[in-house]
Amino acid sequence: MAEVEYNFEKIEEKWRKRWEKDGLFANRRDDRPPYYVLNMYPYPSGVLHIGHFLNYTLGDVMVRYKILRGFNVLSPMGWDSFGLPAENAAIRTGIHPHEFTENNIARCRRQMLRAGWGYDWNREFATSHADYYKWTQWFFLKFREKGLVVKKTAPVNWCGSCQTVLANEQVKEGECERCGSRVEQKDMNQWFYRMSAYAERLLAGHEALRGKWPDAVLAMQEEWIGRSEGAEVEFRVKETGDPVPVFTTRPDTLWGVTFMSVAPEHPLVEKLAAGAPRGREVLEAARRMRAIGTSARELAAQEKEGIFTGCHVVNPVNGAEIPLWVANFALMSYGTGAVMGVPAHDQRDWEFAKKYGIPVVQVVLPPDGSGPGTWEKAYVGAGEVVNSGPFTGEPDNFKAMPGVIDWLEKEGRGRRKVNYRLRDWLLSRQRYWGAPIPVIYCDSCGIVPVPEKDLPVLLPTDIDFTHGRGNPLARSKSFVNAPCPKCGRTGRRETDTMDTFVDSSWYQIRFADPANGRACWDAAKVAKWLPVDQYIGGIEHATMHLIYARFFTMALHDLGLVDFDEPFTRLFCQGMVCKVAYRCETCKWIPAEAVAVRRPDGSDASEEEAAAVLKRVENQGLDEAGLAAAGWKLVCAGCGGDRLHFEMTKIGKSKLNAVDSDAMIERFGADTVRLYMLSDSPPDRMQIWTEDGINGAWRTINRLWRLVMDSLERISSPGTPIPAELDAPNRALRRKTHQCVLKVTESIEGGYQFNTAIARTNELLNLLRSLRDQAHPAILRETLEIVVLSLSPIIPHFADECWSRMGHDRSVFSESWPEPDREAAREEEIEIPVRINGKVRARLTVPAGLSGGELEKLALADGNVQARLEGKVVARVVTVPGRLVNIAVKQG
């Protein structure tokens, strides 16, 4: 790149050092009100891509804005440093996870410093450090004392390749999101936090968060918690007498049940299959179903599959004996793991019944009086109750449901129940790189908690990751063999470690007192800073981290450790940063550099032609249909094939469309990247990364640099008062300047719409360029200072350099956010529409501040209005000063 006047390398390094020296982010201003801004801390993968750049830039802008607004801002940073990737790397390379993680942390920290993000690095910690996970273990013990920890056998998602349990969210289309291996379900004895006990409270807490958290996040959590009102009804296996409780939200359809299905992992399956003629066939089918998909088994797209067990259940409302099936759509994670089938009035059950020839019994009559014989799908609407015992003839089946539940309770055949989809939080992970679970198994004493004085239970260092599969901790004799705290005999440590979401469920509190070795935190420090005022992170965490952190905080509140029960007062979710990704049908995902272009005649396009075509693709000016219509073809440089597809998708390594933030900073500087990412679109919307966009931001920042530098000799000295009398151009410039302050402040306070703030500032700069030669030196200074202050949270290095060159000794962040002069911002002339019988017939340009009477006189004197009123009688004139004049004319 050619040398330019704006030397961003020198400027950005200079101000980073200055901010560090001044302790700008060390929150030392106790004379100011506290404000806590927190970005979701990263997993230290070693490279922060451009998506991270948006997230952390948003946080930094908010921090700097709040500093300018007079707050004592807490802005910490740490590392979510436990996790499977480090362990997998150790298995591949032999590098210990601790070394791998610390190297990555160092690289990420360097990236953050280069980007100019402002953090109080004195509060830095990593969750894989013993002085942090000591308290993660301590919380486990406290939760266990409170009855919030339980160990039980449950079906889990098992990755045979990683040899560990996966959460549902870590399973993508039936495969492990980390290694891509097929996931199966397996029954294991596991540790759980009893999060289900907080289901209703988690829902109720949403009321305090409405208007402060994105509606989409609350909706996703509501769906995840899955509150349902209905009834629990107990069917029984005819052949064995075993109870089969069923939860249903449609008790009005109980008389229409024609089959029962249970989940493949339901405990009845093995029992009923034992000795049954089709037992082996049933067990094999159940095993196959358990191996298919685990994120709600992708049921929306999956064909319904089942197998008849050979047994029947008895319907308690009418005594009907109905077949008992194992089905892939019945889930142990919802209700009781058994689902009653009502094919007449449930589409899923209709499809299953049609596939397997199961009878259909109608219990709701549609308004048209039709029946299943004429239907193409299940009827799920309202209607008259039929074939339903004492409720036959009820005019509305939905309105009859409360009565049905009352009847079930009175007859002892069921009970009213609220059910939740939310399940207990599975903690156990069969891996090394996590916080050890602090319990010891003793043959004499059972499960014994590790005494608090012996915490932390340290991860051993004598681990060989290159040999053997499974949990490395289980192979460490020095770790496993431990004396029982009760009897002293040799016991066995728990070799499972905790889910890393536990670490991130309380980290926000630890930042208030990160160096405390005697307690998890000091209550006074927590009271000063918590809960977090503004939290920033991706919406993809809505049903994992954000629910876990809310549960954890509520539990800490109940333990008396904090005096609040919601961790984050406000939540902002940034949009995804997207870029075109290319997929070859042979080579799969390929980088943009591996894409060539062929002309319509089949010859290779020139470099200029190829660049033009790919630019249109990148800017969404050409889709696959448009490309085909134009005759151009994209070609994979690797295999030469022309079966190439492209899509706009989230940037990332998996689709080879990542953008290297280090490379962008190297080319353009951190402030240019910041300006581009915040000017393109609202920060909570999808952002599309293009070369055109970043180059445009580079041109913009250079134009602004030249404008400021060229104005330095024209501006007055700092503190020069504004003249009392100004000519029209200076009044216009000053008016626009203070209108800009109002609009920029409104844009930021009204939802962090930084793109709008930048647009308003650009409007002011356009006017300034046109009037600069006429501007009074004091007005020119005022305008430039307000521009620099307004943009300082967004392009901080640039702003501080400009502020310094304009004659200020202190950093721009030692100043205050500009206060608008509302009188100066007031328009001198305004446009007033004149309506006659509701239709606009004229527009008046008048001095601002005219009274209603004055507006009426001017309106009635306007030539266009007089022409419209000729020969008519004015019945009434209504004026709204500053807004409009409405003239009512008698008709006829």
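This is a guided tour of selected places in a predicted model, moving from two sheets to a buried leucine and then to some aromatic side chains.

Begin by selecting strands 32, 33, 34 and 35, which make up an open sheet with mixed pairing, arranged in the order 33-32-35-34. Strand 33 (839-847) and strand 34 (874-880) are the edges here, and because each has a single partner strand, one side of each is left without a neighbour in the sheet. If you look along the sheet, neighbouring strands are turned against each other by 20 degrees on average, direction ignored. Now narrow the selection to strand 34 and strand 35 (residues 884-889), an antiparallel pair joined by six bridges, and pick out Thr879, whose bridge partner in strand 35 is Val885. Then add helix 28 (residues 852-861), which lies across strand 32 (829-836), strand 33, strand 34 and strand 35 and runs at about 130 degrees to strand 34.

Next, select strands 19 to 22, which form an open sheet of four strands in the order 20-19-22-21, with antiparallel pairing. Strand 20 (446-449) and strand 21 (481-483) are its edge strands, each pairing on one side only, and the twist from one strand to the next averages 45 degrees. Strand 19 (residues 439-442) is joined to strand 20 by four bridges, and within this pairing Cys442 has Gly446 as its bridge partner.

Move on to Leu556, in helix 17 (residues 545-558), which counts as buried because its relative accessibility is 0%. Which residues are in contact with Leu556, leaving aside its neighbours within four places in sequence? Select Phe139, Phe143, Ile509, Trp521, Leu561 and Val562 to see them. Of these, Phe143 is 413 residues from Leu556 along the chain, yet their C-alpha atoms are separated by 8.6 Å.

For the aromatic side chains, of which the count comes to 56 pairs, start with Tyr56 and Trp117, whose ring centres are 5.5 Å apart and whose planes stand at 55 degrees, so the pair is tilted. Tyr56 lies in helix 2 (residues 50-68) and Trp117 in the loop between helix 4 (97-115) and helix 5 (130-145), so the pair ties together parts that are 61 residues apart in sequence. Both Tyr56 and Trp117 are buried. Continue to Trp255 and Trp407, another tilted pair, with 5.6 Å from centre to centre and 45 degrees between the planes; Trp255 and Trp407 are both buried as well.

Finish with two lysines: the charged end of Lys66 sits over the ring of Tyr35, 4.6 Å from its centre, while Lys186 lies over the face of Trp158, at 4.2 Å from the ring centre.

Definitions and conventions. Residues are numbered from 1 along each chain as its sequence is written. This is a predicted model: local features need pLDDT of at least 70, side-chain atom pairs count only at pLDDT 80 or more; totals for chains, interfaces and linings use all residues. Side-chain values use heavy atoms; hydrogens and water are left out. Two strands pair if DSSP finds at least two bridges between them. Helices (H or I, at least four residues) and strands (E, at least two) are DSSP runs, numbered from the N terminus. Axes are lines fitted to C-alpha atoms, for helices over the stretch in contact, and angles run from 0 to 180 degrees between N-to-C directions. Contact means heavy atoms within 4.5 Å. Buried means under 20% relative accessible area, exposed over 50%, partly exposed in between (1.4 Å probe, protein chains only). Rings of Phe, Tyr and Trp (its six-membered ring) pair if their centres lie within 6.5 Å; planes under 30 degrees apart count as stacked, over 60 as edge-to-face and the rest as tilted. A charge sits over a ring if NZ of Lys or CZ of Arg is within 6 Å of the ring centre and within 35 degrees of the ring normal.
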